[in-house]
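Here is a short briefing to keep beside you while you turn the structure around. Take the topics in any order you like.

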Amino acid sequence: MWIGLDFFSDIVECSAAFRPTHDWKEMADMLDRPTLAIGGAAVNARRGVRAMRVLSSGLAELHGEHRFGSSLPRLWWVLTSRSWVKAPIHFFLIEHSDGLVLFDTGIDPAITANPRYIASAVGRLLLRRIFRFHVTAADRLDLALRRLGVEPAEVRTVVLSHLHFDHVGGIAHLPNADLIVSEREWAQLREPHPEREWILREHLEVPGARWRPITFEPTADPMFEGFEGVHDLAGDGSMVLLPTPGHTPGSLSMLVRTEGWAPILLVGDLTYEAALLTRDKVPGTGDAAELRRSYAKVRQLQRRLPGLVIVPSHDFAAGDDIARATHAA
Ligand SMILES: [Zn+2]
């Protein structure tokens, strides 16, 4: 089934409904303003996260069994399923006082324009059974950022939830960004056949890419008890990376906290819909037991952080959920 124009205009409206409190370009300019000296130390007057936007790089369709799980063997439903469900391909732009941060980068429009975008012939064959993509040239990351008044070169940090091609597709357009990924996820490239897990070297080994694999440090903060460790991205607690394996072995989530907002947990592909995680319903892909362990940790975090908003990368509710969370005050 093809997706009609009405469907696309819904998406556009959804992102238009998400308005920052200031003009976006003006906020980007604010990052260059001098810091103020308070108590003898040079600190930014308003350190932390200031704004957040949900972006999309088109739409995918995937099998119902893929999104909602199935009792049938994976290869069976991949080869026989006739059920297709739509999913947005979201990524997130965050304005922190230290600079602009992206959580994921969406998909490269080459997925539909270039028949050889996936190098392996088997991969190309399987991909047609697993996904249908509706991605246009205008969905390219640099164009999407410029439509918001943001120069791609201004982005200083990119956090990749994991290394699948629908999350790393924009990295070539970010010349000044450090690319943060978990060391466990990165280690897959050293394994014999990463392409069998859709970790595709051809999209990661981009000239000039500054990959920065990180490890998670132990923490005494009872908030994060149960997690293997944390990585405090800016050192101010406003963006905390947490290991949430299951979709891939090195998948991570990012907790975003700032005054006046509900806390937000960007979970990548840990689940495709927040409600599925609440109901302990795992998708038809990934390591089910590992996913359930990560789900339990996230639900525990939600009990410790009442009002925590869980935002998956392929959830149509992401735009509304972020808008609600950031206007919570
Ligand atoms: Zn994905």
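The notes below go from the whole chain to its two sheets, and then to three single residues.

This is a predicted model, so please read every value here as computed from it. The chain has 13 helices and 14 strands. Of its 329 residues, 40% are buried. Among contacts between residues at least 6 apart in sequence, 66% join residues at least 24 apart.

**The seven-stranded sheet**

- Seven strands make up an open sheet with mixed pairing, and their order is β6-β3-β4-β5-β7-β8-β9.
- At its edges you will find β6 (131–134) and β9 (210–214), each of which pairs on one side only.
- On average, and with direction ignored, neighbouring strands of this sheet are turned by 25° against each other.
- Inside that order, β4 (residues 84–96) and β5 (residues 99–103) are antiparallel partners, joined over five bridges.
- To locate this pairing on screen, look for L93, whose bridge partner in β5 is L102.
- Helix α13 (residues 318–326) packs on the sheet and touches both β3 (49–63) and β4. The direction of α13 makes about 165° with that of β3.

**The five-stranded sheet**

- A further open sheet holds five strands in the order β10-β11-β12-β13-β14, again with mixed pairing.
- Here the edge strands are β10 and β14 (309–312), and each pairs on one side only.
- Helix α13 appears here too: it lies across β13 (264–268) and β14, and runs at about 150° to β14.

**Strand β11 and its partners**

- How many of the five residues of β11 (residues 239–243) are buried? Five of the five are, so the strand is largely enclosed by the rest of the structure.
- In a regular strand, side chains alternate between the two faces of the sheet.
- In β11, M239, L241 and P243 point one way, while V240 and L242 point the other way; all of these are buried.
- On one pairing, β11 meets β10 in the antiparallel sense over two bridges. D232 stands opposite V240 of β11.
- β10 and β11 form a hairpin, with six residues between the two strands. In the turn, G235 has a positive phi of about 80°.
- β11 also runs antiparallel to β12 (residues 252–256), and five bridges join the two.
- Two positions help you line up β11 with β12: L241 stands opposite M254, and L242 stands opposite S253.

**I89, a residue in β4**

- I89 sits in strand β4.
- Why does I89 count as buried? It has 23 other C-beta atoms within 10 Å, and the cut-off for a buried residue is 20 or more.
- Leaving out residues up to four places away in sequence, I89 touches S56, S57, G58, L59, A60, G106, I107, D166 and H314.
- One of these, S57, is 32 residues from I89 in sequence, yet their C-alpha atoms are 5.5 Å apart.

**D108, a residue in a loop**

- D108 is located in the loop between β5 and α5 (110–113).
- Is D108 buried or exposed? It counts as buried, because 24 C-beta neighbours lie inside 10 Å.
- Apart from neighbours within four places in sequence, D108 is in contact with G169 and G170.
- From D108 to G170 is 62 residues in sequence and 6.1 Å in space, C-alpha to C-alpha.

**E228, a residue in another loop**

- Where does E228 lie? Look in the loop between β9 and β10 (231–232).
- E228 is partly exposed, because it has 15 other C-beta atoms within 10 Å; that class falls between 12 or fewer for exposed and 20 or more for buried.
- Beyond its neighbours within four places in sequence, E228 is in contact with F216 and P243.
- P243 is 15 residues from E228 in sequence, and the two C-alpha atoms are 6.8 Å apart. P243 is also one of the buried residues of β11, so you can use it to step from this loop back to that strand.

Terms used. Residues are numbered from 1 along each chain as its sequence is written. This is a predicted model: local features need pLDDT of at least 70, side-chain atom pairs count only at pLDDT 80 or more; totals for chains, interfaces and linings use all residues. Two strands pair if DSSP finds at least two bridges between them. Helices (H or I, at least four residues) and strands (E, at least two) are DSSP runs, numbered from the N terminus. Axes are lines fitted to C-alpha atoms, for helices over the stretch in contact, and angles run from 0 to 180 degrees between N-to-C directions. Two residues are in contact if their C-beta atoms, placed from the backbone, lie within 7 Å.
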